[in-house]
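Subject: Structure handover

Hello,

I am passing this structure on to you. Please look through it first; my notes on what was found follow below.

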Amino acid sequence: MTGTLNILLAGALGYIMFLGTKDTESPIVKINFPSDGYEFRTYKQIEVAAKDNKGVKSVTYFIDEEKYHTEDSKNLMKDVWNPCNLSKGKHTLRVEASDKKGNSASSDIIVFYISSELKSDCNGQCDGKAILDDCGDCSGGSTGLEFNSNRDCNGD
């Protein structure tokens with residue numbers, strides 16, 4: 001009888017260790033930045049915290065309740081986030097996290113604003129510092145060109 005009990009116990013432990021238990025726990029997701037009511041006057045990255053007992057598979061960002069981006073380890077939000085591409089004024093942000101078993105959870109909805117002062121520079125960088133020089137060349141900022149030194153206004 002003890003041998004049978006030990007075999008059953010070993011089988012149950014083996015099942016739990018190798019096949020695992022069914023994951024019914026949803027992830028936890030929270031927007032760390034921006035806070036509710038924040039106004040983007042400069043370029044800043046959205047910050048989200050997502051965790052799950054078995055691992056987070058993806059985080060989906062919704063702006064104004066439309067899917068903006070789905071992030072995973074190969075498709076980061078920082079590679080696509082550009083507040084300069086949003087219309088000026090009021091917007092909402094909500095994020096949803098999913099785990100590997102399909103469980104999901106949603107954050108609270110926060111309201112944020114895009115300032116009319118937030119614009120892309122002549123090089124297309126949001127809140128960048130590049131400007132047109134005297135000859136009309138985009139220089140400074142992240143262009144790698146020095147103001148008024150790329151060429152003269154005759155094109156030389």
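In this predicted model, strand 6 (residues 89-99) pairs with strand 4 through seven bridges, in the antiparallel sense. One position to look at is Ser-58, whose bridge partner in strand 6 is Ser-98. Strand 4 also runs antiparallel to strand 5 (residues 66-71), and five bridges join the two. There, Ile-63 stands opposite Glu-66 of strand 5. Strand 4 and strand 5 make a hairpin with two residues between the strands, and Asp-64 in that hairpin has a positive phi near 55 degrees.

Is strand 4 enclosed by the rest of the structure or not? Strand 4 covers residues 56-63, and six of its eight residues are buried, so it is largely enclosed by the rest of the structure.

Next, the aromatic residues. The structure has six aromatic pairs. One of them joins Phe-33 and Phe-40 edge-to-face, with 6.0 Å centre to centre and 80 degrees between the planes. The cut-off for buried is under 20% relative accessible area. Phe-33 has 17% relative accessibility, so Phe-33 counts as buried. Phe-40 also counts as buried, because its relative accessibility is 0%. Both residues belong to one aromatic cluster, formed by Phe-33, Tyr-38, Phe-40, Tyr-68, Trp-81 and Phe-112. Elsewhere, the ring of Phe-62 has the charged end of Arg-94 over it, 4.2 Å from the ring centre.

Last, the disulfides, of which there are two. In one, Cys-84 is joined to Cys-126, with an S to S distance of 2.1 Å. This link of Cys-84 and Cys-126 is right-handed, with 80 degrees about the S-S bond. Cys-84 lies in the loop between strand 5 and strand 6, while Cys-126 lies in the loop between strand 8 (110-114) and strand 9 (131-132), so the disulfide ties together parts that are 42 residues apart in sequence. Cys-84 and Cys-126 are both buried.

Cys-122 and Cys-138 form a disulfide as well, with their sulfur atoms 2.0 Å apart. The torsion about this S-S bond is about 85 degrees, so the disulfide of Cys-122 and Cys-138 is right-handed. Cys-122 lies in the loop between strand 8 and strand 9 and Cys-138 in strand 10 (residues 138-139), so this pair ties together parts that are 16 residues apart in sequence. Cys-122 counts as partly exposed because its relative accessibility is 37%, whereas Cys-138, at 19%, counts as buried.

Regards

Terms used. Residues numbered from 1 in each chain as written. Predicted model: local features only at pLDDT ≥ 70, side-chain atom pairs only at ≥ 80, totals over all residues. Heavy atoms only, no water. Buried < 20%, exposed > 50% of the residue type's maximum accessible area, 1.4 Å probe, protein only. Helix = DSSP H or I, 4+ residues; strand = E, 2+ residues; numbered from the N terminus. Pairing = 2+ DSSP bridges. Phe/Tyr/Trp six-rings, centres within 6.5 Å; stacked < 30°, edge-to-face > 60°. Lys NZ or Arg CZ within 6 Å of the ring centre and 35° of its normal. Disulfide = S-S within 2.5 Å.
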